[in-house]
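Biologist: Before we discuss particular assignments, please place the model on the screen. I should like to hear the reasoning behind each label.

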Amino acid sequence: MKTVHLKLFFPKNWNRTKQLEIYHQQELLASVRPNESIVIQLPQEATSIHWKLSHFKNSIALPEEDRVYLLLSMDLGEGFIQPY
């Protein structure tokens, strides 16, 4: 089994009420809130996980190691949503 330690941060507590959903092969594995840490167990052959937050989604490639540490942070950039 591959162990993934994951922590989620959002700048300025943006979107603190939303949960980031973590998927592997289209199966929901876990949900994580901002500033929360979780541990996920995956099959050894897993090469990536997918995440979704509202309409944002992406994939993260995983290294071949047995233990992986991920720190996720969302960069909002400049724009109209910045003040919120």
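Modeller: The model is a predicted one. One sheet in it is open, with three strands in the order S4-S1-S7 and mixed pairing.

Biologist: What makes strands S4 and S7 edge strands?

Modeller: Strand S4 (37-42) and strand S7 (67-73) each have a single partner strand, so one side of each is left without a neighbour in the sheet. From one strand to the next, the twist averages 25°.

Biologist: How do you know that strands S1 and S4 pair, and in which sense?

Modeller: Two strands pair if DSSP finds at least two bridges between them. Strand S1 (residues 2-9) and S4 are joined over six bridges, in the antiparallel sense; they therefore count as paired. Within this pairing, Val4 stands opposite Ile40 in S4.

Biologist: Why is Gln25 called exposed?

Modeller: The term exposed requires a relative accessible area over 50%. Gln25 has 66%, and is therefore exposed. Gln25 lies in the loop between strand S2 (20-24) and strand S3 (27-32).

Biologist: Why is Asn35 described as partly exposed?

Modeller: Buried means under 20% and exposed means over 50%, with partly exposed in between. The relative accessible area of Asn35 is 43%, so Asn35 is partly exposed. Asn35 lies in the loop between S3 and S4.

Biologist: What makes the phi values of Gln25 and Asn35 worth listing?

Modeller: Most residues other than glycine have a negative phi. Phi of Gln25 is near 50°, a positive value, and phi of Asn35, also positive, is near 65°.

Key
Residues numbered from 1 in each chain as written. Predicted model: local features only at pLDDT ≥ 70, side-chain atom pairs only at ≥ 80, totals over all residues. Heavy atoms only, no water. Helix = DSSP H or I, 4+ residues; strand = E, 2+ residues; numbered from the N terminus. Axes fitted to C-alpha atoms, helices over the stretch in contact; angles between N-to-C directions. Buried < 20%, exposed > 50% of the residue type's maximum accessible area, 1.4 Å probe, protein only.
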